Structures are given as C-alpha cells and as structure tokens.
Amino acid sequence: MKKDIHPKYHTINVTLTDGTSFETRSTWGKEGDTMRLDIDPSSHPAWTGVHRLMDAGGKLAKFNSKFEKFGLAK
C-alpha cells in the first residue's frame with residue numbers, strides 16, 4: 001500500500017433529525033466533528049411510509065385537470 005494517499009480514519013459524532021446521536025468511525029471531517037443529518041430513517045418516507053406529493057411547476061394540478069373527467073380521486 002502506498003503511504004500518505006489514504007484519508008485519515010477517525011471518530012465522529014452523528015446527530016439524527018430527532019436529536020439522538022451516536023459515535024462512529026469515518027473519513028469525513030476531522031476527529032470529533034459532528035455530522036448533522038437532514039434525512040434519516042426517522043424522517044425519510046422510504047422508512048416511515050408517509051409519502052407526500054410535491055407539485056413542481058403546477059404539473060400535478062395540470063395532470064388532475066386533464067384527467068378529472070375520468071373520475072380519478074384526488
């Protein structure tokens with residue numbers, strides 16, 4: 001293995017969206033840094049099962065108006 005080409009592996013703290021935290025080892029940041037997550041298993045729809053429709057640029061409203069005559073539930 002070549003010397004001085006690999007990142008340093010050290011201990012960091014990870015804080016989840018609900019405020020809980022844990023310690024792990026990583027190459028991210030510096031020793032003792034805290035990584036704050038915006039998305040984690042307690043907030044992401046893939047784990048919580050709660051999905052929301054995002055209407056980007058009115059596409060959802062346009063779709064609903066186009067197909068409302070077919071009796072699709074909103």
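## A polar contact at Ser 26 and the sheet around it

The side chain of Ser 26 reaches the backbone nitrogen of Trp 28 at 2.9 Å, a polar contact in the sense of a pair of N or O atoms within 3.5 Å, where within protein one atom must be able to donate a hydrogen and the other to accept it, and where residues adjacent in sequence count only if both atoms are side-chain atoms. The model is predicted, so local features need pLDDT of at least 70 and side-chain atom pairs count only at pLDDT 80 or more, while totals for chains, interfaces and linings use all residues. Residues are numbered from 1 along each chain as its sequence is written, and side-chain values use heavy atoms, with hydrogens and water left out.

Ser 26 is found in strand S2 and is buried, with a relative accessible area of 15%; buried means under 20% relative accessible area, exposed over 50%, and partly exposed in between, with a 1.4 Å probe and protein chains only. Leaving aside residues up to four places away in sequence, Ser 26 touches Lys 8, Tyr 9, His 10 and Ile 12, where contact means heavy atoms within 4.5 Å.

### The chain as a whole

The protein chain has two helices and three strands, which follow one another from the N terminus as β-β-β-α-α; helices (H or I, at least four residues) and strands (E, at least two) are DSSP runs, numbered from the N terminus. Of the 74 residues in the protein chain, 9% are buried. Among contacts in the protein chain with a separation of 6 or more, 6% are between residues 24 or more positions apart. The accessible surface of the protein chain comes to about 6700 Å², and carbon and sulfur atoms hold 56% of that surface; the areas come from the Shrake-Rupley method with a 1.4 Å probe, and for residues only the protein chains shown count as cover.

### The sheet

The three strands form an open sheet in the order S2-S1-S3, with mixed pairing. Strand S2 (21-26) and strand S3 (34-36) stand at the edges with a single partner strand each, so one side of each has no neighbour in the sheet. On average, neighbouring strands of this sheet are turned by 35° against each other, direction ignored. Two strands pair if DSSP finds at least two bridges between them. S1 and S2 run antiparallel and are joined by six bridges, whereas three bridges join strand S1 (residues 10-15) to S3, and these two run parallel. Five of the six residues of S1 are buried, so S1 is largely enclosed by the rest of the structure.

The table lists residues that face each other across these pairings.

| Residue | Partner residue | Strand of partner |
|---|---|---|
| Ile 12 | Thr 24 | S2 |
| Val 14 | Met 35 | S3 |
| Thr 15 | Arg 36 | S3 |

The hairpin of S1 and S2 has five residues between the strands, and in this hairpin Gly 19 takes a positive phi near 100°.

### An aromatic pair in helix H2

The count of aromatic pairs comes to one, taking rings of Phe, Tyr and Trp (its six-membered ring) as paired if their centres lie within 6.5 Å, with planes under 30 degrees apart counted as stacked, over 60 as edge-to-face and the rest as tilted. Phe 63 and Phe 67 form this tilted pair, at 4.8 Å centre to centre and with 45° between the planes. Phe 63 and Phe 67 are four residues apart in helix H2 (residues 59-67), and therefore about one helical turn separates them. Phe 63 is partly exposed, with a relative accessible area of 41%, and Phe 67 is also partly exposed, with a relative accessible area of 25%.

Notes: Axes fitted to C-alpha atoms, helices over the stretch in contact; angles between N-to-C directions.
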